[in-house]
Amino acid sequence: DLPIIYFVTPTYPRREQIPELIRLGQTLMHVPQIHWIVADDYDGCNNFLDVNRFGIPYTHIASPMPDAYRSISPSPRGVANRRAALNWLRQNNKKTGILYFGDDDNTFDLRLFNEIRDTKKVSMFPVGLIGLYAVSSPVVKNGKVIGFFDSWPAKRKWPVDMAGFAVNLEYLSQHPNATMPYRAGYEEDAFLRSISLRMNEIETKANNCTEILVWHTQTQKSKAPMVRIDSQYLESEKS
Ligand code: UDP
Ligand code: MN
């Protein structure tokens, strides 16, 4: 049996939320043995997101960012969501399978899932459309990671994007202090430090990190506020 990929997606209410989740959900429909953890930066589980309709196993979590962090600029986006997903994996004793952090606006080549599925500890691979260099990637020599190519090193030990690595859940469960701090820009670095990752343990994917199978696409945000058109209003428009 294929190990399950726990695909953790932070999301938050804005005009683009539903189309982003439809596009991502319809990507995940093509992937066998996937469990989609949709963690919304909101006080409750909005029914209109209707994660159920994609017909894939899922968990819908309400994981609002604490107010204290919301007012900070830059705010730690998606952290409350990913922390909630990590807690869910721990509380449900998920010790087999693969963890992957896939934001709601990224673009995933279906071949990525084949690549990360056999991650033994931690695997890494390039992410397209990151920063000034247009790609963030491990630098590989003789099959081993010897450094990183990333336009924002920022003194990080692990200068990688959230979408550029996958973690085996057995390995994760051996690191009970695994966490992601509320520190914008340093989430990946701190998370990988918290699981005591060592350079020589990294498994390279995507043909020795020569192919891009995930892209940090970003959707233009509408400047207009969210509006709620309720059914009563629609009824009155019809008549
Ligand atoms: N996100 C969130 N709350 C916010 C802003 C973003 O939960 O207030 C989520 C968002 O849906 C995405 C992730 O956090 O999955 C990263 O945010 P975004 O894509 O805006 O950041 P960027 O692409 O600039 O890194
Ligand atoms: Mn994004």
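# Exercises on a predicted model

With 20 C-beta neighbours inside 10 Å, glutamate 188 counts as buried. The exercises below concern a predicted model, and the first of them begins from this residue.

## Exercise 1. The annotated glutamate and its helix

Task: Locate glutamate 188, state which UniProt feature is placed there, and determine how the buried residues of helix H6 are arranged around the axis.

Solution.

Step 1. Glutamate 188 is found in helix H6. UniProt places the feature "active site" at this residue, in an unreviewed entry.

Step 2. A residue is classed as buried if 20 or more other C-beta atoms lie within 10 Å of its own. Glutamate 188 has 20 such neighbours and therefore counts as buried.

Step 3. Leaving aside neighbours within four places in sequence, glutamate 188 is in contact with Trp158, Val160, Asp161 and Met162.

Step 4. Helix H6 spans residues 187-194, and its buried residues are Glu187, Glu188, Phe191 and Leu192. They cover an arc of only 120° around the axis, and therefore lie on the same side of H6. An α-helix has 3.6 residues a turn, so residues three or four places apart point the same way.

Step 5. The buried residues of H6 pack against H3. Just after H6, serine 196 takes a positive phi of about 50°.

## Exercise 2. The nonpolar core

Task: State how many residues the largest nonpolar core has, and which element contributes the largest share.

Solution.

Step 1. The largest nonpolar core has 52 residues. Those with the most contacts inside it are Phe7, Val8, Leu99 and Tyr100.

Step 2. Helix H3, residues 79-91, supplies the largest share of this core, with 6 residues.

Step 3. Valine 8 may be followed in detail. Apart from neighbours within four places in sequence, valine 8 is in contact with Ile37, Ala39, Arg82, Ala85, Leu99, Tyr100, Phe101 and Gly102. Among these partners are Leu99 and Tyr100, which are also named among the residues with the most contacts inside the core.

## Exercise 3. The surroundings of ligand 1

Task: List the residues around ligand 1, divide them by character, and compare the burial of threonine 11 and aspartate 105.

Solution.

Step 1. The shell around ligand 1 consists of Pro10, Thr11, Tyr12, Asp41, Met65, Arg77, Gly78, Asn81, Asp103, Asp104, Asp105 and Gln218. By character, this shell divides into 3 nonpolar, 4 polar and 5 charged residues.

Step 2. Threonine 11 is found in strand E1, residues 5-11. Because 26 other C-beta atoms lie within 10 Å, threonine 11 is buried. Outside its neighbours up to four places away in sequence, threonine 11 touches Gln17, Leu21, Val38, Asp40, Asp41 and Asp104.

Step 3. Aspartate 105 lies in the loop between strand E4 (98-101) and strand E5 (107-108). The UniProt annotation "binding site", from an unreviewed entry, covers Asp105. With 18 other C-beta atoms within 10 Å, aspartate 105 is partly exposed. Not counting residues up to four places away in sequence, its contacts are Glu20, Thr217, Gln218 and Thr219.

Step 4. Threonine 11 and aspartate 105 are 94 residues apart in sequence, and their C-alpha atoms are 8.8 Å apart in space.

Step 5. A second pair provides a reference. The C-alpha atoms of tyrosine 58 and tryptophan 152, also 94 residues apart along the chain, are separated by 34 Å.

## Exercise 4. The annotated asparagine

Task: Determine whether asparagine 208 is buried, exposed or partly exposed, and name its contacts.

Solution.

Step 1. The place of asparagine 208 is in helix H7, residues 206-209. The UniProt annotation "glycosylation site", from an unreviewed entry, covers Asn208.

Step 2. Asparagine 208 has 15 C-beta neighbours inside 10 Å and therefore counts as partly exposed.

Step 3. Beyond its neighbours within four places in sequence, asparagine 208 is in contact with Val140 and Gly143.

## Exercise 5. Backbone geometry in loops

Task: Identify the cis peptide bond between serine 73 and proline 74, and describe alanine 154 and lysine 155.

Solution.

Step 1. Serine 73 and proline 74 are joined by a cis peptide bond with omega of about -5°. Proline 74 belongs to the loop between helix H2 (67-70) and H3.

Step 2. Alanine 154 is found in the loop between strand E9 (144-149) and strand E10 (165-168). Its phi is near 50°, a positive value in a residue other than glycine. With 9 C-beta neighbours inside 10 Å, alanine 154 counts as exposed.

Step 3. Lysine 155 lies in the loop between E9 and E10, and its phi is near 60°. Lysine 155 counts as exposed because it has 7 C-beta neighbours inside 10 Å.

Notes. Residues are numbered from 1 along each chain as its sequence is written. Chains are lettered from A and ligands numbered from 1 in the order in which they are written. This is a predicted model: local features need pLDDT of at least 70, side-chain atom pairs count only at pLDDT 80 or more; totals for chains, interfaces and linings use all residues. UniProt positions are given in the numbering used here, feature names are shortened, and annotations may be inferred rather than shown by experiment. Helices (H or I, at least four residues) and strands (E, at least two) are DSSP runs, numbered from the N terminus. A residue is buried if 20 or more other C-beta atoms lie within 10 Å of its own, exposed if 12 or fewer, and partly exposed in between; C-beta atoms are placed from the backbone. Two residues are in contact if their C-beta atoms, placed from the backbone, lie within 7 Å. A nonpolar core is a set of buried Ala, Val, Leu, Ile, Met, Phe, Trp, Tyr and Cys residues joined through C-beta atoms within 7 Å. The arc is that of the directions from the helix axis to the C-beta atoms. A residue is near a molecule or strand if its C-beta atom, placed from the backbone, lies within 6 Å of it. Ala, Val, Leu, Ile, Met, Phe, Trp, Tyr, Cys and Pro count as nonpolar, Asp, Glu, Lys and Arg as charged, and the others, Gly among them, as polar.
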